Every structure is written in structure tokens, then in C-alpha cells.
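Reader: I'm new to protein structures and don't know where to look. Could you walk me through one?

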Amino acid sequence: MAIPSGSGTEVLYRGTMNQLSSSQTAFRWDRTDPTVGTSTYTVPANHIITVLSIVYCESGGADELLALNVINGASEILRVLYEQSLPSKSTFVFNDKIVLVGGDKLITYTETAGHVDVVYSFIDQDWS
């Protein structure tokens, strides 16, 4: 992404996913909640997304393993979480920062058909 030369905005947002399971799901950055099982949402062109935190809460009563990956086009460029343990009825907070640019996808899923709710916060720098 080029260095912005015009005016833009920088806004803090949050999103949610209800009943995340083994279907790969991409985070959305347009202030609407993603549909679980849809993995095609990408960061829009001329946007920089800084993910601040992702909170996973297991509410189905079974131990889970979490995955979180960064995809650029069709290539996985970073495996952020791999088989991260999420015990039954517990919460896992991921609060390391991740920076994404236009065309990137952030994908998450559980290793089994579980029931995990997700809340995430991010900064959207819009230079379009």
C-alpha cells in the first residue's frame, strides 16, 4: 500500500461472530458482522486495519482448539494461532496487534464443530 497523501479517517470499531465453528470464517471490516462459514471477506483497498483484540468465549460446553490465520490472496502468510486451547465454558483473549492491508483476510475457526462466540476490536484507517 502506498503512503497516503490525501485526507482520510481513523476510527475504532468492533465486530462479533456468533456460534463460530469448524467452518472457516473471515472477519469483516465494514461494520457488519460476518456470516459464519464465509471466508471471502477482505480488507478493502486503501484501508489499513489494526486488530487490537479478539475475545473468544466457548459457550457450547466442550473443549475447543482455535485457529487464526492471515491470508493474502490465496496464500497463507501467517498462522497466528494453531490449536490454541479453549476449555469448555472459558474465554481466551488474543490482544497482540495485527496490521492488515487491502486484499488481506483474517480467518478463524475451531478444529471441531463447536459453539464459540467472538468479539473483536480494530482501528480502520480509510484513505479511499
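Author: Let's go from the whole chain down to single residues. Keep in mind that this is a predicted model.

Reader: Okay, the big picture: how many helices and strands are in the protein chain?

Author: Start by listing the elements in order. Here there are zero helices and nine strands, so the pattern along the sequence reads β-β-β-β-β-β-β-β-β. The radius of gyration is 15 Å, close to the 14 Å that the globule rule gives for 128 residues, so the chain is as compact as a globular protein of that length. Along its principal axes, the C-alpha trace spans about 50 × 25 × 25 Å.

Reader: And what share of the 128 residues counts as buried?

Author: That's 40%. The chain exposes about 6500 Å², with carbon and sulfur atoms supplying 48% of that area. You can also ask how far along the sequence contacts reach: among those between residues at least 6 apart, 75% join residues at least 24 apart.

Reader: Which strands does strand 4 pair with, then?

Author: Follow the bridges. Strand 4 (residues 64-72) pairs with strand 5 (residues 75-86) in the antiparallel sense over nine bridges. For example, Glu64 has Leu86 as its bridge partner in strand 5. Strand 4 is also joined to strand 8 (residues 104-110) by seven bridges, again antiparallel, and there Asn72 stands opposite Asp104. Seven of the nine residues in strand 4 are buried.

Reader: What sits between strand 4 and strand 5 in their hairpin?

Author: Two residues separate the strands, and Gly73 takes a positive phi near 70° in this hairpin.

Reader: Where else does a residue other than glycine have a positive phi?

Author: First the general idea: most residues other than glycine have a negative phi. Two cases to look up are Arg31, with phi near 70°, and Lys89, with phi near 60°. Arg31 is in the loop between strand 2 and strand 3, while Lys89 is in the loop between strand 5 and strand 6 (91-94).

Reader: Is Lys89 buried or exposed?

Author: Exposed, because its relative accessibility is 59% and the cut-off for exposed is over 50%.

Reader: Now the rings. How do I describe an aromatic pair?

Author: You give the distance of the centres and the angle of the planes. This structure holds seven such pairs. In one of them, Phe27 and Trp29 are stacked, at 6.0 Å centre to centre with 15° between the planes. Trp29 also pairs with Tyr120, this time edge-to-face, at 5.9 Å and 75°. Trp29 and Tyr120 are 91 residues apart: Trp29 is in the loop between strand 2 (25-26) and strand 3 (47-58), and Tyr120 is in strand 9 (residues 116-126).

Reader: Why do Trp29 and Tyr120 count as buried?

Author: Because buried means under 20% relative accessible area, and Trp29 has 4% while Tyr120 has 1%. Ring pairs also link Tyr13, Phe27, Trp29, Tyr120 and Phe122 into a cluster.

Reader: Last one: which residues is Thr16 in contact with, beyond its neighbours within four places in sequence?

Author: Asp33, Pro34, Val118, Val119 and Tyr120, so you meet Tyr120 again. With Asp33, Thr16 makes a side-chain polar contact of 2.9 Å. Thr16 lies in strand 1 (residues 9-20) and is buried, because its relative accessible area is 16%.

Key
Residues numbered from 1 in each chain as written. Predicted model: local features only at pLDDT ≥ 70, side-chain atom pairs only at ≥ 80, totals over all residues. Heavy atoms only, no water. Helix = DSSP H or I, 4+ residues; strand = E, 2+ residues; numbered from the N terminus. Buried < 20%, exposed > 50% of the residue type's maximum accessible area, 1.4 Å probe, protein only. Polar contact = N/O pair within 3.5 Å; in protein donor to acceptor, adjacent residues only side chain to side chain. Contact = heavy atoms within 4.5 Å. Phe/Tyr/Trp six-rings, centres within 6.5 Å; stacked < 30°, edge-to-face > 60°. Pairing = 2+ DSSP bridges. Rg over C-alpha atoms; globule rule 2.2 N^0.38 Å. Areas by Shrake-Rupley, 256 points an atom, 1.4 Å probe, with all protein chains shown as cover.
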